[in-house]
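Reader: I have the sequence and the model open side by side, and I'd like to go through a few spots with you. Can we begin with a loop and work outwards from there?

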Amino acid sequence: MDVLSPARDLLATGPLCDNCLGRPFAERSFGLGNAERGRGLRVALALADDDDFSAGDPANCWVCEGATARFDEWAERAVAAVEGIEFATYQVGTRVPPLAEENGLLLREDAGLDPEAGEPLRKEFNREVGKRFGQLTGAEVEFGRPDVQFLLDLEADRVEATVNSAFVYGRYRKLERDIPQTEWPCSDCRGSGRDGSDPCPTCDGTGYLYPESVQQLTAPVVEDVMDGVDSVFHGAGREDVDALMLGTGRPFVIEVEEPRRRDVDVERLEADINAFADGKVEVEGLRRCTHAMVERVKGLDASKRYRAAVEFGDEVTAEGLAEALEALDGAVVEQYTPNRVDHRRAAKTRVRTVHDVAGELEDPRHATVEVHGEGGLYIKELISGDEGRTEPSLAGLLGVDAVVTALDVLEVEGEDEPFEDEEFFLD
Ligand SMILES: [Zn+2]
Ligand SMILES: [Zn+2]
């Protein structure tokens, strides 16, 4: 295709800058910028026609009205918008005034070109300002989920900067009972801590039903070190408030919103959290991770290993217990939604596998039972039978009442693969 004749037609529409002249040919000659394409066409036309050469002037360009002369300025403004904020990746977007977009279509139409020929001004802006921003900051462009992203609003003459969340993965152990995983606002005052003009009597004015949570004992430290504005705790499921989380701990991700720092020393962070949590909660294996790790932690099928202290309503023999446990080992259990579970959840029967189970009688009325079960298996009900709603159960097999007096989680591991996949870690 001849490029000189469409270029001649484009120039006949009115004064154009080099970028706007070159942009309809943006798909040609990889390695050139639109300004170089435009200037090249201008030079070639001047030589072909033996005309005097006159350079393009953005100030007079009827298509962009001088916008292409301001790439440097926009890049500098973007840099200023994230001053003092740490980031490694970025993305630039541009909101082009509707009039300039319209002009771009008219330009091509008037010259008899496809209205979409080349690329739109928006795309050139993103690339040219993005390139300059990268040179000024040393950051890498990233189209997925960058650390910072910019929207250049040309009409409003404004840079909108968004600082995306940072994420830290780890495993926690909960070493004291009666600590929920996440904040538990008081249901009477809905977390306000007030009862009219008095402090709420249910929560003593704290606003929380439990004064501390795994979240409150860990996330504020991460938020503080990363200098963010808020934080969110994402756990791989949760144990009951009165259960301990022991052994290798439970995977979690702490998300820090609008962090000013990201590349934090995770070993030091781990020590800081453990000092702050004061033996009630412990964390280990902290690593900086991607946003995708949140979904992985929340969605990966995980099996759990539990240890339950069991009390019987009548005397049980060691042989009787061994027989009942053998019957439960590998059993497929049907559990109708337990009474104690959130009543807003739709009642249904779930089917879960007991991977393995073992136990020991402490005395005729007490036993310790360890269960390795598929994710979602209700352990308290597996022991008690939940008045016939769970089948089979230890109580049902023994023919005596059985209740869990203490429940500890010993292990939370991915059913088919470990949670810790290198692809989800930043370093
Ligand atoms: Zn222009
Ligand atoms: Zn209250």
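Author: Gladly, and please keep in mind throughout that this is a predicted model. A good place to begin is Asp 57, which sits in the loop between H3 and helix H4 (71-81).

Reader: Okay, and what does Asp 57 touch, not counting residues up to four places away in sequence?

Author: With those residues set aside, Asp 57 touches Pro 15 and Cys 17. Asp 57 counts as partly exposed, because it has 13 C-beta neighbours inside 10 Å.

Reader: How far is Asp 57 from Ala 69, C-alpha to C-alpha?

Author: Their C-alpha atoms are separated by 8.9 Å, and the two residues are 12 apart along the chain.

Reader: You mentioned H3. At what angle do the axes of H1 and H3 cross?

Author: The axes of helix H1 (residues 4-11) and helix H3 (residues 34-49) cross at roughly 100 degrees and come within 10 Å. An angle of 65 to 115 degrees counts as roughly perpendicular, and H1 and H3 are therefore roughly perpendicular to each other.

Reader: Which residues meet there?

Author: From H1 the contact takes in Leu 4, Ala 7 and Arg 8, and these meet Leu 41, Ala 44, Leu 45 and Ala 48 in H3. By class, the residues of this contact divide into six nonpolar, no polar and one charged.

Reader: Let's zoom out. How many helices and strands are there in the protein chain?

Author: The protein chain has 12 helices and 16 strands. Its radius of gyration is 32 Å, well over the 22 Å that the globule rule gives for 427 residues, so the chain is more spread out than a compact globule. Taken along the principal axes, the C-alpha atoms fill a box of roughly 110 × 50 × 40 Å.

Reader: And which domains does the assignment give?

Author: The domain assignment gives domain 1 (4-163), domain 2 (166-299) and domain 3 (302-414). The C-alpha centres of domain 1 and domain 3 lie 66 Å apart.

Reader: How much of the chain counts as buried?

Author: Of the 427 residues, 37% count as buried. As for the contacts between residues at least 6 apart in sequence, 71% join residues at least 24 apart.

Reader: Pick a lysine for me: is Lys 174 buried or exposed?

Author: Lys 174 is buried, because 27 other C-beta atoms lie within 10 Å, and the cut-off for a buried residue is 20 or more. Lys 174 belongs to strand S5 (residues 166-174). Leaving aside neighbours within four places in sequence, Lys 174 is in contact with Ile 179, Val 214, Glu 239, Leu 244, Met 245 and Val 281.

Reader: Where is Lys 174 relative to Asp 427?

Author: They are 253 residues apart in sequence and 26 Å apart in space, C-alpha to C-alpha.

Reader: Now Leu 99, please. Is Leu 99 buried or exposed?

Author: Leu 99, which is found in helix H5 (residues 98-110), counts as exposed, because it has 11 C-beta neighbours inside 10 Å. Measuring C-alpha to C-alpha in the model, Leu 99 and Glu 128 are 21 Å apart in space and 29 residues apart in sequence.

Reader: And Leu 398, what is it in contact with, leaving aside neighbours within four places in sequence?

Author: On that basis, Leu 398 is in contact with Val 316, Gly 320 and Ala 324. Leu 398 is found in helix H12 and counts as buried, because it has 23 C-beta neighbours inside 10 Å. The C-alpha atoms of Leu 398 and Val 316 are separated by 7.9 Å, although the two residues are 82 apart along the chain.

Reader: Switching to backbone geometry, where is there a cis peptide bond?

Author: A cis peptide bond joins Glu 391 and Pro 392, with omega at about -5 degrees. Pro 392 lies in the loop between strand S15 (390-391) and helix H12 (394-398).

Reader: Any details on Asp 204 and Glu 258? What is phi at Asp 204?

Author: Asp 204 has a positive phi of about 60 degrees although it is not a glycine. This residue lies in the loop between strand S7 (198-199) and helix H7 (214-225), and Asp 204 is exposed, with 12 other C-beta atoms within 10 Å. Glu 258 is not a glycine either, and has a positive phi of about 50 degrees. Glu 258 lies in the loop between strand S9 (244-257) and helix H8 (266-277) and is partly exposed, with 15 other C-beta atoms within 10 Å.

Terms used: Residues numbered from 1 in each chain as written. Chains lettered and ligands numbered in written order. Predicted model: local features only at pLDDT ≥ 70, side-chain atom pairs only at ≥ 80, totals over all residues. Domains from an automatic or database assignment. Axes fitted to C-alpha atoms, helices over the stretch in contact; angles between N-to-C directions. Helix = DSSP H or I, 4+ residues; strand = E, 2+ residues; numbered from the N terminus. Parallel < 35°, antiparallel > 145°, perpendicular 65-115°, else oblique. Contact = placed C-beta atoms within 7 Å. Nonpolar A, V, L, I, M, F, W, Y, C, P; charged D, E, K, R; others polar. Rg over C-alpha atoms; globule rule 2.2 N^0.38 Å.
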